[in-house]
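Student: Could you take me through one part of this structure up close? I'd like to follow a single strand and what surrounds it.

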Amino acid sequence: MRIAVFGANGPTGRHITHQALTAGHDVVAVTRRPGSVPARPGLTVALADATDPAAVDAAVDGTDAVLSALGTRFDKGKITTYSASAMAITGAMTRHGVKRLLVVSSSIADPDWRPSGAHFFNHVLDPLVNRRLGRTLHEDMRRMERAIRGTDLDWTLVRPSGLFDHPHVTDYTTAETSADGVFTARADLAASMLHELEEERYVRKAMGVVTTSVKPSIVKLIWNEGVRKK
Ligand SMILES: NC(=O)c1ccc[n+]([C@@H]2O[C@H](COP(=O)([O-])OP(=O)(O)OC[C@H]3O[C@@H](n4cnc5c(N)ncnc54)[C@H](OP(=O)(O)O)[C@@H]3O)[C@@H](O)[C@H]2O)c1
């Protein structure tokens with residue numbers, strides 16, 4: 001398959017790109033920083049801002065499926081990256097007859113999802129980080145989900161919980177709507193998306209994905225995601 005990967009240069013997108021190439025797919029890595037994507041057999045790099053319909057159109061042309069793991073930082077102001085990129089990507093897919101779309105969203109986009117972690121996570125990190133600092137980001141994720149649900153495409157909204165880095169794919173869990181767990185390894189998120197591309201269990205549905213067999217250290221997580229990534 002020839003797969004367009006949006007956010008290919010980000011931490012999850014790099015896993016998707018690597019795993020897809022390893023599985024024998026061709027990948028069009030879509031990024032605003034093409035110089036930072038090392039060349040590999042089967043890989044084409046496309047320069048595009050995902051909110052620019054013309055650039056997205058060119059990147060999607062000739063592909064069989066689109067996977068998106070793009071994301072942006074928390075901001076007090078209104079965020080539009082998710083919804084604007086969803087409009088550009090789904091518009092291009094419709095024009096080019098590309099049907100299959102898997103987009104990373106978040107368990108927070110499920111209004112009924114509540115964390116089932118340790119006290120500190122449930123009562124400090126989730127209200128502060130997810131609900132307060134991440135409020136405008138998650139509002140735009142919900143707009144993105146609504147825009148995608150309104151299309152005729154074969155979409156899957158992929159909802160991880162708190163992302164962390166782990167080098168290997170584990171025996172992750174998926175579930176319809178959202179999954180019971182507070183963490184998702186990026187390698188597992190990527191693997192679940194490529195698996196779903198083949199399996200088609202969650203077409204026109206949301207798919208939760210969580211990692212339970214390994215856990216990140218909370219201190220490392222705050223450092224990596226909140227401080228180092230800025
Ligand atoms: N952190 C968590 O705990 C958590 C939990 C649930 C869900 N999520 C979501 O999971 C997704 C993946 O997260 P991540 O940490 O792996 O990646 P990320 O750091 O959020 O960003 C991924 C990439 O998106 C690309 N991007 C941003 N705006 C773009 C634009 N306008 N056009 C093209 N590319 C753009 C950037 O690549 P370039 O600069 O190379 O273009 C960036 O490297 C995000 O949507 C995030 O919100 C995160």
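Tutor: Let's start with one pair of residues: Val 103 has Leu 157 as its bridge partner in β6. Keep in mind that this is a predicted model. That pair belongs to a longer match, since strand β5 (residues 100-104) and β6 run parallel and are joined by five bridges. Now look at the other neighbour. β6 also pairs with strand β10 (residues 205-210), again in the parallel sense and over five bridges. Here you can pick out Arg 159, whose bridge partner in β10 is Gly 208.

So how enclosed is this strand? Strand β6 covers residues 154-160, and six of those seven residues are buried, so the rest of the structure largely encloses it. Buried here means under 20% relative accessible area.

Next, what does β6 help to build? The largest nonpolar core has 31 residues, and the ones with the most contacts inside it are Phe 6, Val 60, Val 66, Met 93, Leu 101 and Ile 148. β6 is among the elements that give two or more residues to this core, and so are β1 (2-6), β2 (26-31), α2 (53-60), α3 (81-96), β5 and α5 (135-149). The largest share, six residues, comes from α3. As a general point, nonpolar side chains tend to be buried together in soluble globular proteins.

Leu 101 is a handy place to see the pieces meet. Leaving out residues up to four places away in sequence, Leu 101 touches Val 66, Ile 89, Thr 90, Met 93, Ile 148, Leu 153, Asp 154, Trp 155 and Thr 156. There's also a second, separate core of 24 residues, including Ala 8, Ala 65, Leu 67 and Tyr 202.

Let's finish with β1, another contributor to the largest core. β1 is mostly covered, with four of its five residues buried. It's a nice one to trace, starting from Ile 3. In β2, the bridge partner of Ile 3 is Val 27, and in β4 Ile 3 stands opposite Ala 65. Zoom out from those pairs and you'll find that β1 and β2 pair in the parallel sense over five bridges, while four bridges join β1 to strand β4 (residues 65-68), which also run parallel. If you follow the chain from β1 through helix α1 (residues 11-22) to β2, you trace a right-handed β-α-β unit.

Technical notes. Residues numbered from 1 in each chain as written. Predicted model: local features only at pLDDT ≥ 70, side-chain atom pairs only at ≥ 80, totals over all residues. Heavy atoms only, no water. Buried < 20%, exposed > 50% of the residue type's maximum accessible area, 1.4 Å probe, protein only. Pairing = 2+ DSSP bridges. Core = buried A, V, L, I, M, F, W, Y, C linked by side-chain atoms within 4.5 Å. Contact = heavy atoms within 4.5 Å. Right-handed = clockwise from strand over helix to strand, strands pointing away.
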